[in-house]
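Subject: Structure for your files, with notes

Hello,

Here is the structure you were expecting, with my notes underneath. Please read them with the model open beside you.

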Amino acid sequence: MNYQETVEYLYNSTPVFEHVGASAYKEGLSNTLALDEHFNHPHNNFLSIHVAGTNGKGSTSHTLASILQADGYKVGLYTSPHLVDFRERIRVNGEMIPEQYVVDFVEENRGFFEPLHPSFFELTTALAFKYFAEQHVDIAIIEVGLGGRLDCTNIIRPILSIITNISLDHTQFLGDTLPKIAWEKAGIIKERVPVLVGEDLDETRPVFEAMAQKMDSTIVFAQDIPQIRSCSHQADGSILYKTKYFGEIKGELGGNYQEKNANTVLQACMLLLNKSILRDPESVAKGFANVCESTGLMGRWQKIQEKPLVICDTGHNAGGWQYLSRQISNQECNHRRIVFGMVDDKDLDAVMDMLPDDGIYYWTQPSTKRAFPVEKIEETADNHDIFGKSYPNVMEAYNAALQDADDDDFIYVGGSSYIVADFLTGLKK
């Protein structure tokens, strides 16, 4: 098989959550442990930082990777989902895993893993850990796929666990209340491994405190220790942070929600400095300023063009839209044109409540079986007295918005990671 055939094989022979949703979710770690045994426990060969949370874990993971790269480390980065190429999930110092490595991994090991019937994510995690070990990375940033307690990344013993925040998402797997979800996320807390919680709520703090006490782990709540004195959005789309301990920092990622992520990352850096893992404090500013170039991050308030201004963002649930709706509404422009779709395990009504009243809407659907059909999007929007036109796919919706737009207009593309994935893929064609 060539690379494209190998990726198709992975998609078609293993349950893929991104494609089919709940039926791909496998509770328990038995397959993960079997794969880990088969590959001789590769995660024991490098240090790791484990990152969980409802929102912000991708940006946090990429920013930490960028900082540690600037500090001279060889850094593995494992994240999901990908937007354009499967290999985005597994990187070393920003470079994607080679196509041939993916092909060889499947060819050489399918005789072992096919009888296991692992999920796509179980297999991908094993691939990442094996690759990082063979690349002799110094440290890997490992993003949790779903939840924490039963996530297949949870076999690692990291030097630091991070939980960015908690909001209602994936309730069919993690529970229908914030404390239940917090308990699942808190499952990444390991015995005597420090844990950093980025944002907490009255309902979730006791859950984290109880788990940390049970595990004899030091717990730090980042929002109790503000690292940022002030921040201001710059004309180039970046954010200028004035920080307590790291001076003035220019953050390349410009979404409003990045201010919360930045505080979490800065507190993590303080903990890593105290452990003598982070060696040069100046690496923090370098890492913040070059996240996208250093790690290949895409889809976080990403500017596509200037006139008209086109922005895409992977924010995909009510927690993320609390920030996105304000930023979209505050964008100076003549008209706000919004290309929007979602997938069916998200709270569509809650997000619709937050969409800007003055938007001109182009409803669509991503190319995944989990998509809300565009008819459902339009129907729900009508119920919220929001009106727009419907298009069968993302690029048709975007091209219609672009054709309608003047230079002073603002076009936003989002609502789901899969909307952004289709959009970025379409732009490459």
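Is Asp71 buried or exposed? Asp71 has a relative accessibility of 8%, so this residue counts as buried, the limit being under 20%. Please keep in mind throughout that this is a predicted model.

Salt bridges

I started from Asp71 because this buried residue has a charged partner. Its side chain meets that of Arg279 in a salt bridge, with 3.4 Å from N to O. The two residues are 208 apart and link distant parts of the chain: Arg279 is in the loop between helix H10 (258-274) and H11, and Asp71 is in the loop between helix H4 (57-70) and strand E2 (75-78). Arg279 has a relative accessibility of 48% and therefore counts as partly exposed.

In total, the structure holds 12 salt bridges. Another one joins Glu184 and Arg149, at 3.1 Å from N to O. Glu184 belongs to helix H8 (residues 178-185), while Arg149 sits in the loop between E5 and E6; the pair, 35 residues apart, again links distant parts of the chain. Glu184 is at 9% relative accessibility, so it counts as buried. Arg149, at 30%, counts as partly exposed.

A further salt bridge is made by Lys250 and Asp236, at 2.7 Å from N to O. Lys250 is in strand E11 and Asp236 is in the loop between E9 and E10, 14 residues apart. Lys250 has a relative accessible area of 39% and is therefore partly exposed. Asp236 is partly exposed as well, with 44%.

There is also a network of salt bridges, which links Asp200, Arg205 and Asp224.

A buried aspartate without a salt bridge

Which side chain of opposite charge is nearest to Asp151? It is Lys57, 8.5 Å away, and Asp151 has no salt bridge although it is buried. A salt bridge would need a nitrogen to oxygen distance within 4 Å. The relative accessibility of Asp151 is 5%, so the residue counts as buried.

Asp151 lies in the loop between strand E5 (139-143) and strand E6 (160-163). Arg149, described above, is in the loop between E5 and E6 too. What does the side chain of Asp151 have by way of a polar partner? One of its polar atoms lies 2.9 Å from the backbone nitrogen of Leu146. Apart from neighbours within four places in sequence, Asp151 is in contact with Leu29, Phe121, Val144, Gly145 and Leu146.

For orientation, Asp151 and Phe387 are 236 residues apart in sequence, and their C-alpha atoms are 40 Å apart in space.

The three-stranded sheet

Strands E9, E10 and E11 form an open sheet in the order E9-E10-E11, with antiparallel pairing. Its edge strands, E9 (228-233) and E11 (248-251), each pair on one side only. The twist from one strand to the next averages 20°. Between E9 and E10 (residues 239-243) there are five bridges in the antiparallel sense, and His233 stands opposite Ile239 in E10. Helix H11 (residues 282-289) lies across E10 and E11 and runs at about 25° to E11. The Lys250 and Asp236 salt bridge belongs to this part of the chain, as Lys250 is in E11 and Asp236 is in the loop between E9 and E10.

The six-stranded sheet

What is the strand order in the open sheet of six strands? The order is E12-E13-E17-E14-E15-E16, and the pairing is mixed. Strand E12 (302-305) and strand E16 (388-390) are the edge strands, each pairing on one side only. Neighbouring strands here are turned by 20° against each other on average, direction ignored. E13 (residues 309-313) and E17 (residues 410-414) pair in the parallel sense over five bridges. Within the sheet, Ile311 stands opposite Tyr412 in E17. Helix H15 (residues 374-383) packs on the sheet and touches E14 (336-340), E15 (359-363) and E16; the direction of H15 makes about 150° with that of E15.

If you look at one place before the rest, I suggest the loop between E5 and E6, which holds Asp151 and Arg149.

Regards

Notes. Residues numbered from 1 in each chain as written. Predicted model: local features only at pLDDT ≥ 70, side-chain atom pairs only at ≥ 80, totals over all residues. Heavy atoms only, no water. Helix = DSSP H or I, 4+ residues; strand = E, 2+ residues; numbered from the N terminus. Buried < 20%, exposed > 50% of the residue type's maximum accessible area, 1.4 Å probe, protein only. Contact = heavy atoms within 4.5 Å. Polar contact = N/O pair within 3.5 Å; in protein donor to acceptor, adjacent residues only side chain to side chain. Pairing = 2+ DSSP bridges. Axes fitted to C-alpha atoms, helices over the stretch in contact; angles between N-to-C directions. Lys, Arg positive; Asp, Glu negative; His and termini not counted.
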